[in-house]
Amino acid sequence: MTKTPYYITTAIAYTSGKPHIGNVYEIVLADAIARFKKEEGYDVYFQTGTDEHGQKIEEKALAANQTPQAFVDSVAAQIKSLFDGMNVKYDYFIRTTDQDHEKRVQKIFKKLYDQGDIYKSEYEGWYCTPCESFYTDSQLTDGKCPDCGRDVHKAKEESYFFKLSKYQDRLMKHIEDHPNFIQPPSRKNEMVNNFLKPGLQDLAVSRTSFKWGIPVDFDDKHVVYVWIDALSNYITGLGYDVDGNHGDLYKKYWPADVHLIGKDILRFHTLYWPIMLMALDCPLPKQVFGHPWLLVGDGKMSKSKGNTIYSDDMVKLFGVDGVRYIMLREMPFANDGSITIPSMVERINTDIVNIVGNLANRTWNMSMKYFNGVIEASDAPTQEDQELIDLAISLKHDMISSMSELKVAESIEAIITLAKRANKYIDETLPWNIAKDEAQRARLSRVIKNLLETIRIVAVALRSFVPETSDKLLSILNHPESSFESLTDFDVLKPGHRLNNENIIIMPRLVLEDVMKAYEAQLPKEEKKEEEPVVEVDPEATIDDFKKMVFKVGEVLDCKVHPDANKLLVSQIDVGGKVHQVVSGIAAQFKPEDLIGKKVMLVTNLKPVKLRGVLSEGMILVATNREGKQEIVTFTSSEKGSKIS
Ligand SMILES: [Zn+2]
């Protein structure tokens, strides 16, 4: 029988830097779903990758003194290794700088242009550089970028536009006819009411303001902007070809079963992407699932706002399966999940160490003690056993049902509930009492077997979520071959089967204090208090006192951030014949390039002092306003070296 194909993708990670835990959450979630679907019998294809073009990357590469390609090569490698470090098994990792992808995107762009869906015009609006997006007046939030809250500036550029409006009614109908297309359902209303009903504006799909992108091959002033470049990865990765010469993967796996994405990019995936596909005459993905955020403490983990817990740091604290477990278990279906270090410790200790670990440990010990770890013939199950057996046998069905709606946390909860029930079963049946009566040996064997079969089912059920833990449990049972199908079979471990001779701890108990200490050791070191340059000025200075001070116009020849204090700048200031080195506490507001070439007001005869190890021979005069914003006194026409009086 041929297996049903199942194609799952994540958003491709932007290679502007190391991804935060929120991005890694998405790949772990996709991995768990992909593994589960595979177990369930689907022919799964799981694609992820990196989005590597854009102005921000061009700028970051420049700042790092690298070519954009070298920059994205190194970030993409880092992202891959983070994903691999989470035991993620994708089938294909696409990079938007792949030559195949670039060629296919150029052909897509050309086709859309040739058929009149893309036209050339001019764009004017508010531009946010970090988000690389234009906004209209009404889209701004309090005059700031609606996506990241940063300042925007007016910008104008020639651009190619995609006629979204042409496909708007068709898309609206598709969304209404396919209630599962946008999930969870609350997101659907958001898209329809906020964007579709007010009417879609045509979308600028090229840029001339930067070079690091796929060139529009018939107009080389332009590069293809992120939408067509990044979104089309879902089909170019499968070998889609505009001329119809598709690769086998495309023929087999498209349309995707689910695009898993963060809720912040839902608009692009449920409006722009389906319209692009309509224009290309391709079937639409079956579902776009906008997952909620994983919150650590109170801070949102996303790419727009900086936050510094990375998954590899978390792995050092909790192990790979510990982090996978937390991510998958703590994320509610539709709302943001919130975790803190203490809540993570508590969750792992409760679920994995106490409930699952204890069950395995107690049962293995009893089996060793009473049966030398060998399964014996046993009585038929009694009424007392039935509740546990029924719960165990129904787990597979319950999981398939919740996983079909991508309710991963609910699936895991069902597994833990079963393990909990088995612990209770030990307390109900009191095997150590049964063991006192040799005549009840076959009954005792039945009780232990019930527990072992339950552990086996728990282990198999956990495999998609915490693979290593699952392996350890099955290795305690000495039955690694347990299959997904056997989840409904309560008679797999036959008489004569021998358990592992060694007990295995599936996860060590975490001690909050130790984890906190290790966590704090990972945090970036706090800066030591800066020694601010201090000049003592007598509030009642006489004219003679004032005359002691020498003020001169100085030209800033060079300026650098202090090697040991990032709040200080070190400037070389020419006062006409003599160059003073001056350390100033102004780096929070001024960059070195803000100062270089400026003529500033300098106190030149202060007693030289060392500030954080660097000699300072003077002081730049700065005013500070009520909001703490600093302004430097500068001169335009006065010569350097001129005395100020
Ligand atoms: Zn922004």
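An open sheet of three strands, paired in the antiparallel sense, follows the order β10-β12-β11; here two strands pair if DSSP finds at least two bridges between them, and strands (E, at least two residues) and helices (H or I, at least four) are DSSP runs numbered from the N terminus. The edges of this sheet are formed by β10 (206–207) and β11 (214–215), each of which pairs on one side only. Two antiparallel bridges connect β10 with strand β12 (residues 223–224), and within this pairing Ser206 has Val224 of β12 as its bridge partner.

The structure is a predicted model, in which local features need pLDDT of at least 70 and side-chain atom pairs count only at pLDDT 80 or more, whereas totals for chains, interfaces and linings use all residues. Residue numbers start from 1 along each chain as its sequence is written.

Strand β1 (residues 5–10) is mostly covered, with five of its six residues buried. A residue is classed as buried if 20 or more other C-beta atoms lie within 10 Å of its own, as exposed if 12 or fewer do, and as partly exposed in between, with C-beta atoms placed from the backbone. Strand β1 runs parallel to strand β3 (residues 43–51), to which five bridges join it; in this pairing Pro5 stands opposite Asp43. Strand β1 is also joined in parallel to strand β13 (residues 258–262), through three bridges, and Ile8 stands opposite Val258 there.

Ile8 also appears in the largest nonpolar core, which has 148 residues; Ile8, Val28, Leu328 and Val458 are those with the most contacts inside it. The greatest contribution to this core comes from helix α16 (residues 441–462), which gives 12 residues. A nonpolar core is a set of buried Ala, Val, Leu, Ile, Met, Phe, Trp, Tyr and Cys residues joined through C-beta atoms within 7 Å. When residues up to four places away in sequence are not counted, Leu328 touches Val28, Leu29, Ala32, Val408, Ala409, Ile412 and Phe465, contact being defined by C-beta atoms, placed from the backbone, that lie within 7 Å. Another core, of 15 residues, lies apart from the largest one; among its members are Leu568, Val582, Val600 and Leu602.

Two domains are given by the domain assignment of the chain, domain 1 (340–488) and domain 2 (543–644), with bounds that come from an automatic or database assignment. The centres of domain 1 and domain 2, taken over C-alpha atoms, are separated by 72 Å.

Certain backbone features were also identified. The peptide bond from Gln183 to Pro184 is cis, with omega near -10°, and Pro184 is located in the loop between β8 (182–183) and α6 (185–196). Trp254 and Pro255 are likewise joined by a cis peptide bond, with omega about 5°; Pro255 lies in the loop between α9 (248–253) and β13.

A positive phi, near 60°, is found at Leu406, a residue other than glycine. Leu406 occupies the loop between α13 (383–404) and α14 (408–429), and it is buried because 22 other C-beta atoms lie within 10 Å. Asn478, also a residue other than glycine, has a positive phi near 60° and is placed in the loop between α17 (467–476) and α18 (512–522). Asn478 has 13 C-beta neighbours inside 10 Å and therefore counts as partly exposed.

Terms used. Two residues are in contact if their C-beta atoms, placed from the backbone, lie within 7 Å.
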